[in-house]
Amino acid sequence: MAMKIFEERRSIRRYGDRPVEDDKLQAVLEAARLAPSWANMQCWTYIVVRDPAVKEAVAATLKNNPIQKAVLAAPVLIVACADSDKSGNVNGQPYYMLDIGISMQQLMLEAWDLGLGTCWVGWIKEDDVRSILGVPEDIRVVALTPLGYPAVYPDFPGRKTLEEIVRYERWGQG
Ligand SMILES: Cc1cc2nc3c(=O)[nH]c(=O)nc-3n(C[C@H](O)[C@H](O)[C@H](O)COP(=O)(O)O)c2cc1C
């Protein structure tokens, strides 16, 4: 079941007009809520944007990003914010990024299971999005995703093979 979703989920950059049902929106947010996190501190806050004027303002900050038009077209935009003080920081590795990554991925896989499309958007102008959405200065705006029914399903863009990405026992072994 999960493997099928891993294989078939794609980043969706073309959306139809069909609105997202409330129960489906709640389900994807619930999937995000249930994610594991550093010391279970759940550093995340999600902002759900449906107001076309606000979506338009956010989309305007995504110049040159291939997702720009999709942010306007999709009926819902979900913005993932993190309180970095509510997560770990070890050897210079800020774990709030991982917390958000895992939670967002759960949201996205649940969305796919419900027939909905998403697309990670990490290339954002954080301060511009922060000011549009009134996010406090001490909260990071990490990522966002459109949410809606896919209009176009892209082809599989490919992945490295297991042989390329897995080493057994030690880095230097075959
Ligand atoms: C951390 C992260 C940031 C990303 N940022 C963007 C982005 O700013 N704009 C965009 O169009 N896609 C973005 N993507 C989507 C990737 O381009 C996409 O996942 C990758 O090409 C593989 O395609 P697939 O998701 O359809 O398998 C991002 C993905 C990740 C994981």
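Which residue of strand 6 is the bridge partner of Leu-77? In strand 6 that partner is Pro-146. The legends below describe views of a predicted model.

**Figure 1. Overview of the chain, with seven helices and six strands.** In this predicted model the elements follow one another along the sequence as α-α-β-α-α-β-β-β-α-β-α-β-α. The C-alpha trace spans about 55 × 40 × 35 Å along its principal axes. A compact globule of 174 residues would have a radius of gyration near 16 Å, and the 17 Å of the chain agrees with this. Of the 174 residues, 30% count as buried. When contacts between residues at least 6 apart in sequence are considered, 79% of them join residues at least 24 apart.

**Figure 2. The open sheet, built from four strands in the order 1-2-6-5.** The pairing in this sheet is antiparallel. Strand 1 (44–49) and strand 5 (117–118) stand at the edges; each has a single partner strand, so one side of each is left without a neighbour in the sheet. Six bridges link strand 1 to strand 2, seven link strand 2 to strand 6, and two link strand 5 to strand 6.

**Figure 3. Close-up of the pairing between strand 2 (residues 76–82) and strand 6 (residues 140–148).** These two strands run antiparallel. Three bridge pairs can be followed from one strand to the other. Leu-77 is paired with Pro-146 of strand 6. Further along, Ala-80 has Ala-143 as its bridge partner in strand 6. The partner of Cys-81 in strand 6 is Val-141. Both strands are mostly covered: seven of the seven residues of strand 2 are buried, as are eight of the nine residues of strand 6.

**Figure 4. The two faces of strand 2, both of them covered.** In a regular strand the side chains alternate between the two faces of the sheet. On one side of strand 2 are Val-76, Ile-78, Ala-80 and Ala-82. On the other side are Leu-77, Val-79 and Cys-81. All of these residues are buried. Cys-81 is a useful residue to locate in this view: Thr-45 stands opposite Cys-81 in strand 2, and the bridge partner of Cys-81 in strand 6 is Val-141.

**Figure 5. The edge of the sheet at strand 5 and the helix lying across other strands.** Strand 5 pairs with strand 6 in the antiparallel sense over two bridges. In one of the bridge pairs, Gly-117 has Gly-148 of strand 6 as its partner. Helix 6 (residues 126–133) lies across strand 1, strand 2 and strand 6. Helix 6 runs at about 70 degrees to strand 6.

**Figure 6. The shell of residues around the ligand.** The surrounding residues include Arg-10 and Ser-11, as well as Asn-65, Pro-66 and Ile-67. A run from Cys-119 through Trp-120, Val-121 and Gly-122 to Trp-123 also belongs to the shell. Pro-154 and Pro-157 complete the list. By class, the shell divides into eight nonpolar, three polar and one charged.

**Figure 7. Surroundings of Arg-14, in the loop between helix 1 (2–8) and helix 2 (22–33).** Arg-14 has 16 other C-beta atoms within 10 Å and is therefore partly exposed. Leaving aside residues up to four places away in sequence, Arg-14 touches Ala-70, Pro-150, Ala-151 and Val-152. Arg-14 and Tyr-149 are 135 residues apart in sequence, with their C-alpha atoms 8.7 Å apart in space.

**Figure 8. Two loop asparagines, Asn-40 and Asn-64, with positive phi.** Asn-40 lies in the loop between helix 2 and strand 1. Its phi is positive, about 55 degrees, although Asn-40 is not a glycine. Asn-40 is exposed, with 6 other C-beta atoms within 10 Å. Asn-64 is found in the loop between helix 3 (52–60) and helix 4 (68–73). The phi of Asn-64 is about 75 degrees, again positive in a residue that is not a glycine. With 6 C-beta neighbours inside 10 Å, Asn-64 counts as exposed.

Definitions and conventions
Residues numbered from 1 in each chain as written. Predicted model: local features only at pLDDT ≥ 70, side-chain atom pairs only at ≥ 80, totals over all residues. Pairing = 2+ DSSP bridges. Contact = placed C-beta atoms within 7 Å. Axes fitted to C-alpha atoms, helices over the stretch in contact; angles between N-to-C directions. Near = placed C-beta within 6 Å. Nonpolar A, V, L, I, M, F, W, Y, C, P; charged D, E, K, R; others polar. Rg over C-alpha atoms; globule rule 2.2 N^0.38 Å. Buried ≥ 20, exposed ≤ 12 C-beta atoms within 10 Å, placed from the backbone.
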